[in-house]
Amino acid sequence: MDLLKRKVEADGVVIDEKILKVDGFLNHQIDAKLMHDVGLTFYNQFKDEGVTKVLTIEASGIAPAIMAAMHFDVPCLFAKKAKPSTLTKEAYYADIHSFTKNTTSTVMVSDEFLDKNDRVLIIDDFLANGDASLGLNEIVKQANAETIGVGIVVEKSFQPGRARLEKAGLKVSSLCKVASLSGNKVTFVEEQS
Ligand code: 5GP
């Protein structure tokens, strides 16, 4: 997605060789028009898969996920990082290691919102080691639902996330692939035409 690449080039800040900061348009301030186009691109990629639900994890996955859900005209469901006191029903749980915070937390989705009839598109802002998406896929499995694919806004292709997701049988689609963050600059993967 050219527009996204240009935005990463213009506004992305390389924190170190592994972390890219995109607070200007995705993780703090959100470029709503760009997110609209991100959602539309995911819709075009997965529109024939009978998606019934878009699933992400709070907080930074919600912007791209809700825009995708709008185009699919299905609910956007997000895994919560803390069990709310309002939760009265059973829930599905997964332990997810956070790449950026280096902590592991248990995330939950109420069983009111996911069941065996669901065909789920998982969306996240970044793909690094794949723990977030694999954890969400575990939640989908607990519900006996099916993950039809994983949509990622920015994939860091020098990390093992894609390989781990594909090994788990998941179809991965990313809108922007970063080959390296070395030398304080973003280098993209050259796409074959
Ligand atoms: P993974 O679970 O694939 O290792 O990491 C993905 C999660 O970690 C995403 O939900 C994202 O919030 C966060 N993350 C991973 N790498 C980066 C990064 O380079 N920049 C930012 N802003 N978040 C990242």
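Here are a few worked exercises on the structure above.

This is a predicted model, where local features need pLDDT of at least 70, side-chain atom pairs count only at pLDDT 80 or more, and totals for chains, interfaces and linings use all residues. Residues are numbered from 1 along each chain as its sequence is written, and side-chain values use heavy atoms, with hydrogens and water left out.

**Exercise 1. Cysteines**

Find out how many disulfides there are, and sort Cys76 and Cys176 by exposure.

Solution. Start with the sulfur atoms: a disulfide is a pair of cysteine sulfur atoms within 2.5 Å. Searching the whole structure turns up zero disulfides. Next, exposure: buried means under 20% relative accessible area, exposed over 50%, and partly exposed in between (1.4 Å probe, protein chains only). Cys76 comes out at 25%, so it is partly exposed. Cys176 has just 2%, so it is buried.

**Exercise 2. The largest nonpolar core**

Work out which elements build the largest nonpolar core, and pick out what Val8 touches.

Solution. A nonpolar core is a set of buried Ala, Val, Leu, Ile, Met, Phe, Trp, Tyr and Cys residues joined through side-chain atoms within 4.5 Å. The largest one has 33 residues, and Val8, Leu20, Val51, Val54, Phe72 and Val186 touch the most other members. Two or more residues come from each of helices 1 (2-11), 2 (23-27), 3 (32-46) and 4 (62-72), and of strands 7 (119-127) and 8 (146-156). Helix 4 gives the largest share, six residues. Helices (H or I, at least four residues) and strands (E, at least two) are DSSP runs, numbered from the N terminus.

Now Val8: leaving out residues up to four places away in sequence, Val8 touches Leu20, Phe25, Val154, Cys176, Val186 and Phe188. Contact here means heavy atoms within 4.5 Å.

**Exercise 3. Val109**

Is Val109 buried or exposed, and which residues is Val109 in contact with?

Solution. First place Val109: this residue lies in strand 6 (residues 104-110). Its relative accessible area is 1%, so Val109 is buried. Then list partners, skipping neighbours within four places in sequence: Val109 is in contact with Leu55, Leu77, Phe78, Ala79, Ala91, Tyr92, Leu114 and Ile139. As for His36, Val109 is 73 residues away from it in sequence and 25 Å away in space, C-alpha to C-alpha.
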